[in-house]
Amino acid sequence: MENKAIARTLRLLSQLMELHNENPFKIKSVANAAFKVDKLPFAIKTKNLEEIAQIDGLGKSISSKVWELLQTGTMAELQAILTETPEGIVEMLGIKGIGPKKIVVIWKDLGIENIGELYYACNENRLIEAKGFGLKTQEEIKKVIEFQMAAHGKFLYAQTEPLVNKLHADLAIWLKGISGEPLLGVAGAYRRCLEIIEEVELVLGAESIQEIYDRIAEFEPLNFEPHTEHTLIALSPFGMKIKLHLTDKKDFYLNWFSLTGNEAHVKQVLDLAGTGPFSDEYEIYQKAGLSFVAPELREGLDEIQLAKENRLPVLIKYEDLKGSLHNHSTWSDGVHTLEEMAQYCKENLQLEYLGICDHSRSAFYANGLNEQRVYAQHQEINALNTKLAPFKIFKGIESDILYDGALDYSDDILKTFDFVVASVHSNLRMDEEKATARLIKAVENPYTTILGHPTGRLLLSRKGYPIDYTKVIDACAANNVVIEINANPLRLDLDWRWHRYALEKGVLLSINPDAHRTEGFHDTRFGLLIGRKGGLTAKQCLNAMSLEDISQYFSNKK
């Protein structure tokens, strides 16, 4: 069991204990242990009971619970309290904006025991009558529930990727036993690298479709059933719908192409290319008189016109990236030390530089740096830069954008950084006009280098705050401010649908993993894919600059 799963279980236990009004000291101890376990730099499952008891914040009582969880997969205390709690009440704990205290009121005072009843109560305005609730709280809860409903059956690209990779590999092995060397490809939204996936589509080209039908039951990882005349369907263990489209082998590339692109893109290309047969996708575009369009770009926007004029962007590749910006260390809320983060970038990722951007002082919840700690961190960076040269750590900060659009810290402190990532982390409920004005003021601050995760969205969990994208991007262009593509798969913010406008305005983008531990650097891949989807080239990406070039860029900006 991984640390995060252990931490989630302890957190659930503390919440349930609070629901049932148990000892506050005990509740706080369990909640604190959940936080500590989540931040450990090692796998707790590798330790014995005695070693677990020595971990700061656990102690004898909680370590025994962790040990029981590792040995049995559960905890007797948790199971006992779950039996006393309606299942729907447990589900409510996952709703943002209502903690255990409010759930007690919902459950005990209003007699509501599941999310469906809660949503109905919101529609009936019954929640505002309860102690501690008001109209604003009721509307926020309603919005969150509606968002969860809309998210049903939808998955993050990053959640889908391991399934697709394994399924493709398993099918490829199984197909070795099928006559005629069948062809297999992933299509649909996944191949276009959309951030949210509702179903996985695969295309299988075989000389005998009937042989596939006759033998598909032999494919044990999934239970495929007939769906339409030439489509089989299955559900993954976690509920992802999987469609396997069957086609004659000679028509494989036509169907692979047709099932990949946006409907408008496919129609425009095939109107020019005809219906084949084609030896590969390149031939389809060639016969249409077009440059080859990468799957990520096949969204029916302006890519056909660009392909006609041979003006398609040369999309950025992972190898183009020379450094990693916007990352956190143990100086604020990271798991690994500054040196560990830097060494990982240098040795494991073969990068030229690291931008460290721990939280600023207003982010007290994330151990944000006050002025004295900023100075101390800069001293450590100076020492590490001498030790790790020619690799370089840039002195950055993720400065909170305050309510009025000002940046955390005075100008005297801001000017000590090599670069500043300005981000919103609080007061997320402004209307569009106020939220836009707030961001523009931050962008106009001469010390702002990068606008971080511009809308604060959390995919399938929290909508971003409303902004006028055009005005914010125009402000970035006017003030020479870079916009972040936050590569955390929950964010992928700036939305790819606005990348082209930003690039046309001359705004650089930066693919930032927002890593809080060394493993987080690998999220860069998801930011890269979404950058490609938005038409990003290496020349338009800040962290594709060499160490020399980005050093000059930061110097010029200051």
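This talk walks through two sheets, several loops, and the cavities and a pocket of one structure.

Good morning, colleagues. I should state at the outset that we are looking at a predicted model.

Let me begin with the first of the two sheets. Five strands make up this open sheet, and their order is E2-E4-E7-E6-E5, with mixed pairing. At its edges stand strand E2, residues 183-187, and strand E5, residues 225-228, each of which pairs on one side only. On average, neighbouring strands here are turned by 30 degrees against each other, direction ignored.

As a reminder, strands of a sheet pair through backbone hydrogen bonds, in either the parallel or the antiparallel sense. For one pairing in detail, please look at strand E6, residues 231-235, and strand E7, residues 241-248. These two strands are antiparallel to each other and share five bridges. Within that pairing, Leu232 has Leu244 of E7 as its bridge partner.

A helix covers part of this sheet. Helix H10, residues 157-174, lies across E2, strand E4 (199-206) and E7. The direction of H10 is at about 170 degrees to that of E2.

I turn now to the second sheet. Here seven strands form an open sheet with parallel pairing, in the order E8-E9-E10-E11-E12-E13-E14. Which strands stand at its edges? They are strand E8, residues 323-327, and E14; each has a single partner strand, so one side of each is left without a neighbour in the sheet. Further in, E11 and strand E12, residues 450-451, pair in the parallel sense over two bridges. One of the residues involved is Ala422, whose bridge partner in E12 is Leu451.

This sheet also carries a helix. Helix H24, residues 547-557, packs on it and touches E8, strand E9 (353-356), E10, E11 and strand E13 (482-486). The direction of H24 makes about 45 degrees with that of E10.

Next, the loops, where some backbone details deserve attention. Where do we find cis peptide bonds? One joins Gly276 and Pro277, with omega at about 10 degrees. Pro277 sits in the loop between helix H14 (263-273) and helix H15 (281-287). Another cis bond joins Ala389 and Pro390, again with omega at about 10 degrees. Pro390 belongs to the loop that runs between helix H18 (371-388) and strand E10 (392-400).

Two residues other than glycine have a positive phi. Asn427 has phi near 55 degrees, and its place is the loop between strand E11 (419-423) and helix H20 (432-444). Asp514 has a phi of about 55 degrees and lies in the loop between strand E14 (509-512) and helix H23 (524-533). Are these residues buried or exposed? Asn427 has a relative accessible area of 40%, so it counts as partly exposed. Asp514 is at 10% relative accessibility and therefore counts as buried.

A glycine belongs in this part of the talk as well. Helix H7 spans residues 100-109, and its buried residues include Pro100, Ile103, Val105, Ile106 and Trp107. Just after H7 comes Gly111, with a positive phi of about 70 degrees.

Finally, let us consider enclosed and open space. How many cavities of 30 Å³ or more does a search of the whole structure find? It finds four. The largest cavity holds about 70 Å³. Its lining has seven nonpolar, four polar and no charged residues; among them are Tyr318, Leu349, Ile511, Phe521 and Asn543.

The second largest cavity holds about 60 Å³. Its lining comprises six nonpolar, one polar and four charged residues. Lys415, Asp418, Lys557 and Lys558 are among the lining residues, as are Phe417 and Tyr447.

As for open space, the second largest pocket has a volume of about 590 Å³. It is lined by 19 residues, and those that lie nearest its centre are Glu140, Lys143, Arg429, Arg462 and Lys463. By class, the lining of this pocket divides into seven nonpolar, five polar and seven charged residues.

I close with a single residue, Thr137, in helix H9, residues 135-151. Thr137 has a relative accessible area of 24% and is partly exposed. Its C-alpha atom is separated by 28 Å from that of Asn23, and the two residues are 114 residues apart along the chain.

Thank you for your attention.

Technical notes
Residues are numbered from 1 along each chain as its sequence is written. This is a predicted model: local features need pLDDT of at least 70, side-chain atom pairs count only at pLDDT 80 or more; totals for chains, interfaces and linings use all residues. Side-chain values use heavy atoms; hydrogens and water are left out. Two strands pair if DSSP finds at least two bridges between them. Helices (H or I, at least four residues) and strands (E, at least two) are DSSP runs, numbered from the N terminus. Axes are lines fitted to C-alpha atoms, for helices over the stretch in contact, and angles run from 0 to 180 degrees between N-to-C directions. Contact means heavy atoms within 4.5 Å. On a 1 Å grid over the protein atoms alone, a cavity is a set of points where a 1.4 Å probe fits but cannot get out, and a pocket is an open set with protein on both sides within 12 Å along at least five of seven lines; lining residues have an atom within 4 Å of a point. Grid points are joined across faces, edges and corners, and a volume is the space filled by probe spheres set on the points. Ala, Val, Leu, Ile, Met, Phe, Trp, Tyr, Cys and Pro count as nonpolar, Asp, Glu, Lys and Arg as charged, and the others, Gly among them, as polar. Buried means under 20% relative accessible area, exposed over 50%, partly exposed in between (1.4 Å probe, protein chains only).
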